[in-house]
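Please open the model in your viewer and keep the sequence panel beside it, since this tour moves from one selection to the next.

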Amino acid sequence: MSKPGLHPAQGGPADGASVDPEIFQLIRAEERRQHEKLRLIPSENYATQAVMQACGSVLNNKYSEGYAGKRYYEGQQEIDKIETLAIERLKSLFGVDHANVQPYSGSPANLGVYFAFCKPGDPVLGMGLPSGGHLTHGWKVSISGSYFNALQYGVRKEDHRIDFDEVARLAREHRPKLLFCGATAYPRVIDFPKFAEIAKEVGAILVADIAHISGLVAGGAHPSPVGFAEVISSTTHKTLRGPRGGMILCNREHQKAIDKSVFPGLQGGPHNGTTAGIAIAAKLAATDEFKAYAHAIVDNARALAETLLGRGFSLVTGGTDNHLVLCDLTPQKVPGKVAARALDRAGIVMNYNSVPFDTRKPFDPSGIRLGTPALTSRGMGPAEMKRVGDWIADVVEHVEDDARLDRIAGEVRSLCDDFPAPGVPLES
Ligand SMILES: *Cc1c(COP(=O)(O)O)cnc(C)c1O
């Protein structure tokens, strides 16, 4: 579709593989990796092919600072319709008054929430990273922990569940502007009504960050924060299976503050391909099939947890209610990092992770974190989770046995061949 005779750098024909074989070979290799490995990083997934198409479309080329009907550039005939569809679909999917779909990702969405309601130095309260909270909930190295007076609650020592006594105590003592709930490594249901009660008592705005679980919430596999949290932030690419992006949902009262904060407060032009992808993901998430998918994610996580428990593994909180399992490898005497590396060699990809009250350092912690969204997107079920759990146990019990790891990698490849990954093209 470009003018023949022009060099690619001047706008001429520019097929990826011929213009940049180095990069495109790497993309082909990544496609293969995503096909032939078991991807158990709980924040990852396979976006649907339709979402991938939207992200790689001409929408990339359009600038649209502002909001539908109030843009700072002309030529928004189609973009306004796309963004409005994304917003309306999310409003109906989650049952909220308003949705902002412009945040570039989950972290900017949270920054948008801070900027809407807080001045530098204001008290804010969130879950500490070592307990499973996210960097953006006030952890020291993050802007959220350095520009605000960030207080952090954690989990109880005895059962690793959220310490609501500590939440209430810190809230009463410091009267935070924002109370963040939601986590990145917490395998249990978040009790939104309980958080709402505390927020109400101290006059804080409750923010539910459902980055990991938005797909579970949409599919009814985790209780919804709507009606309890005045503001809800999320990524769109984790269990929701949309494009790499972010969103903020809120009631009518906060609509203006949120919109103003995201643009012009924090960002310039929205990523319109992403917006279209969010609209597609929201449409799919409203189907009965997605409900079944969301419940299957949780069933799979339970099956995986049971297999690991049966093999003598220690799980944080003793199991899971959601899509992820946090495993403390202290009894196995294998550091999380060593386990994660051996597992990767065996074709099973996850991340090393701190466990609550970890005695090891964050860069070399005691645990591994695994999740089932991506495997569930390939159509795997409890029978496959049993095999996966047994492989994980075999690897952790023999981290230095390379021959065994390579043999497992072969078995993993053959399982993966039976469950093609959505949105991942494979050369025949
Ligand atoms: C993943 C995550 C984020 C951040 O999302 P990015 O897209 O990586 O910026 C924010 N909050 C929670 C709870 C998350 O799990």
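Begin by selecting the strands of the open sheet in this predicted model, which number 7 and follow the order β4-β10-β9-β8-β7-β5-β6 with mixed pairing. At the edges you will find β4, residues 98-100, and β6, residues 149-153, each of which pairs on one side only. Looking across the sheet, you can follow a twist that averages 20 degrees from one strand to the next.

Next, select residues 123-127, which form strand β5, together with β6; these two strands pair in the parallel sense over 5 bridges. Within this pair, Val124 has Ala150 of β6 as its bridge partner.

Now add residues 164-174, which make up helix α7, and residues 178-181, which form strand β7. Helix α7 lies across β5, β6 and β7, and runs at about 160 degrees to β6.

From here, turn to the side chains. Which residues have the most contacts inside the largest nonpolar core? In this core of 53 residues, they are Leu90, Phe94, Tyr153, Ile162, Val167, Leu179 and Phe195. Select residues 192-202 as well, for helix α8 supplies the largest share of this core, with 6 residues.

To examine one of these positions in detail, centre the view on Ile162: leaving aside residues up to four places away in sequence, Ile162 touches Met127, Tyr153, Gly154, Val155, Arg156, Val167, Tyr186, Ile190 and Phe195.

Finally, select Leu304, Ala346, Leu415 and Cys416, which are among the 36 residues of another core that lies apart from the largest one.

How values were computed. Residues are numbered from 1 along each chain as its sequence is written. This is a predicted model: local features need pLDDT of at least 70, side-chain atom pairs count only at pLDDT 80 or more; totals for chains, interfaces and linings use all residues. Side-chain values use heavy atoms; hydrogens and water are left out. A nonpolar core is a set of buried Ala, Val, Leu, Ile, Met, Phe, Trp, Tyr and Cys residues joined through side-chain atoms within 4.5 Å. Buried means under 20% relative accessible area, exposed over 50%, partly exposed in between (1.4 Å probe, protein chains only). Helices (H or I, at least four residues) and strands (E, at least two) are DSSP runs, numbered from the N terminus. Contact means heavy atoms within 4.5 Å. Two strands pair if DSSP finds at least two bridges between them. Axes are lines fitted to C-alpha atoms, for helices over the stretch in contact, and angles run from 0 to 180 degrees between N-to-C directions.
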